[in-house]
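Reader: I have a structure open and would like to talk it through with you. Could we go through it question by question?

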Amino acid sequence: MTLTAPFLPADAPFSPEQRAWLMGFLSGLGSHAAAIDPAETSTALTVDVLVGTQTGNAEYAGEDVVAAARAAGFGANLTALDDVAMERLAAMTTIVVVTSTYGEGEMPDNAELFWEALASETAPRLESARFAVLALGDSGYDGFCQAGKLIDTRLEQLGAERFEARVDCDVDYEDAAAEWTANVIARLVALAPDQAGSPASVAAPVGRARSPWNRKTPFGAELAVNRLLSGPTSAKEIRHLEFALAESGIEYAAGDALGVVPRNDPALVAALIEALGVDAGEATPHGELRDALVEAYEIRTPSKELIARLADDDPESELGQVVVLGQKETLEAWLWGRDILDLLLGTRVRWPIGEFVELLRPLQHRAYSISSSPLASPDRIHLTVASVRFDGAHRRHGGVASTFLADRVGAGETAGVFVSPNTAFRVPADDAVPMIMVGPGTGVAPFRAFLQERAGRGARGRNWLFFGDQHRSSDYIYEEELETYRQDGVLDRLDLAFSRDQAEKVYVQSRMAESGADLFAWLEDGAHFYVCGDASRMAKDVDDALHAIVEVHGGLDHDGATEYVNTLKREKRYVRDVY
């Protein structure tokens, strides 16, 4: 038996201690494998790693499981959950599921159909399989890691044996995921020592090549352009931003997102310190308090732990009286427009700084859909960002990252950025395939990139964009570019919906319905259907409209229309970038 050195991707997010432990473990396994007579062993065990992802984090974690399994001498495959038919699932013997949770406990887009089939009464029994689940989520939401929890429970209900306990990872998932991965491989070796072959010789990391720049080590990119797009009478403030990539080596594709690592507003930090009645130089785990509140902690959105602690320590406060009601909707309505400073000012509670910062969540990056194609802008990444500003609780509030970009990154100054690839959200590989794009407001961002990509590739496939906002006179962002694309024949159809320009409000889904026959004809001709924008309302309304169009113009009943749309999803012809 010829041995190769154990392999782990150089950019896999293991800490030095975890990497050293896992490499040592794999080296030991290699020695064990060398002592086994190949004639006495069966075919190496195959680990099927099934991934449900919305932004790419779960896919990265799944790739690390595959790399570690192959390094241990096991076979390993990486598959999106929606690509797994129940018949194929029933034939699997070692199943590892890595899934994120979307929104308030929902399955990510590429796991919805899998879950529907798995949860159905016709799902196969899985007594011959063993499984483990890694769940990624955000504890700021009530449905924390719900997708992973549901799949974990259902696999057990179907008779599969859980060989490693599920781990629920918060937004800082890397270390927990790496430890879980090491435990999974060690457990498989213990369960099937004779089914580990020679460590696989892997010439390159599994899956996508990874940039050295990530949310923990972002690239300091110069903000080269900050231009207001919306008109002076608009109710919104939408900006066009361009980050210079310089010598970073950053590569991106149309459809990817850019992670921006923000810094909190120093004025808000000063007000918070004053409300706490403490010295700005007090020590925290992230340095002096003032710097830590700017760089390290989320100081706008209160954590559940902070809310509960404030209510417990001051039950007579307005917050305390709302919390005691025990009604989620009432609490959410009361919290809307209030941040941590508002809550502190509304109570008599004051804690030592050490206790206070323990109740804060880490400051997270914000991801924005990239609005340029590298074919048109290889050295700069463009963003289209709506600055969030509103009045609440007797003072002006602002979005953490959007106002950071609009107000606090000056000309020539830098912000930490990194690319988050979205391999599911791409222009069709076949340049002859038609595209239908639905992106109102800032949802047009990736479709600006798509049109640049199609123009740069000389694609002959037809392109149709549905765009809208409130008023044409002030909210028609990128008007000159879009009209030029239409005149030049890059954009075959442009349907506009400005909701406040007439008595009856008109939205993009209204325009879809008006052109339903043509839209269905495009789908029948192989068109890919894309949606970008608000998930809570617009994307759901667009989905309802799509189903109705398919039902009416396809001559189908409700179930038939649902199956038609599900087929689009399975064929990766209906994809969304929603938030």
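**A walk through the model**

Author: Gladly, and let's begin at a helix end: just after α19, G526 takes a positive phi of about 95°. Please keep in mind as we go that this is a predicted model.

Reader: Thanks! Staying with α19, which of its residues are buried, and on how many sides of the helix do they sit?

Author: Helix α19 covers residues 516-524, and its buried residues are G516, L519, F520, W522 and L523. They cover an arc of only 155° around the axis, which puts them on the same side of α19. In general, an α-helix has 3.6 residues a turn, so residues three or four places apart point the same way. For α19, then, the buried set is G516, L519, F520, W522 and L523, on the same side.

Reader: What arc do the buried residues of α17 fall within?

Author: The buried residues in α17 are L482, E483 and Y485. Seen down the helix axis, they line one face of α17, because they fall within an arc of 155°.

Reader: And which exposed residues are on the face of α17 turned away from that side?

Author: To count as exposed, a residue needs a relative accessible area over 50%. On the face of α17 turned away from its buried side, the residues that meet this are E480, Q487 and D488.

Reader: What do the buried residues of α17 pack against?

Author: The partners are a mix of helices and strands. The helices are α15 (445-457) and α16, and the strands are β17 (463-469) and β18 (493-498). So that you can find the end of α17 on screen, look for G489, which follows the helix and has a positive phi near 90°. The full set of packing partners is α15, α16, β17 and β18.

Reader: Which residue in the loop before α17 has a positive phi without being a glycine, and is that residue buried or exposed?

Author: The loop in question runs between α16 (472-475) and α17 (479-488), and Y478 lies in it. Y478 has a positive phi of about 60° although it is not a glycine. Its relative accessible area is 7%, and the limit for buried is under 20%. The residue is therefore Y478, and it is buried.

Reader: Where is K572, and what is its relative accessible area?

Author: K572 sits in the loop between α21 (558-570) and β20 (574-578). Phi of K572 is near 60°, a positive value in a residue other than glycine. K572 is partly exposed, with a relative accessible area of 33%.

Reader: Which residues does N566 contact, leaving aside its neighbours within four places in sequence?

Author: N566 lies in helix α21. N566 is buried, with a relative accessible area of 9%. Leaving aside those sequence neighbours, the contacts of N566 are with L113 and E116.

Reader: How far apart in space are T414 and E222, C-alpha to C-alpha?

Author: T414 belongs to strand β15 (residues 414-420), and at 38% relative accessibility it counts as partly exposed. Leaving aside neighbours within four places in sequence, T414 is in contact with G220, A221, E222, R263 and V409. In sequence, T414 and E222 are 192 residues apart, while in space their C-alpha atoms are apart by 4.2 Å.

Reader: How far apart in space are R457 and T93, C-alpha to C-alpha?

Author: The place of R457 is in helix α15, where R457 is partly exposed with a relative accessible area of 30%. Beyond its neighbours within four places in sequence, R457 is in contact with L375, V427, P428, A429 and D431. R457 and T93 are 364 residues apart in sequence, and their C-alpha atoms are apart in space by 44 Å.

Reader: Stepping back to the whole protein, what is its radius of gyration?

Author: The secondary structure comes to 21 helices and 20 strands. The globule rule gives 25 Å for 579 residues, and the protein comes close to this, so it is as compact as a globular protein of that length. Its C-alpha trace spans about 80 × 65 × 50 Å along the principal axes. The radius of gyration is 26 Å.

Reader: How many positive and negative side chains are there, and how far apart are the centres of the two sets?

Author: The protein exposes about 25,000 Å², and carbon and sulfur atoms supply 50% of it. As for charge, there are 52 positive and 89 negative side chains, and the centres of the two sets are apart by 2 Å.

Key:
Residues are numbered from 1 along each chain as its sequence is written. This is a predicted model: local features need pLDDT of at least 70, side-chain atom pairs count only at pLDDT 80 or more; totals for chains, interfaces and linings use all residues. Side-chain values use heavy atoms; hydrogens and water are left out. Helices (H or I, at least four residues) and strands (E, at least two) are DSSP runs, numbered from the N terminus. The radius of gyration is taken over C-alpha atoms; the globule rule is 2.2 Å times the number of residues to the power 0.38. Accessible areas come from the Shrake-Rupley method with a 1.4 Å probe; for residues, only the protein chains shown count as cover. Lys and Arg count as positive and Asp and Glu as negative; His and the chain ends are not counted. The place of a charge is taken as NZ of Lys, CZ of Arg, CG of Asp or CD of Glu. Buried means under 20% relative accessible area, exposed over 50%, partly exposed in between (1.4 Å probe, protein chains only). The arc is that of the directions from the helix axis to the C-beta atoms. Contact means heavy atoms within 4.5 Å.
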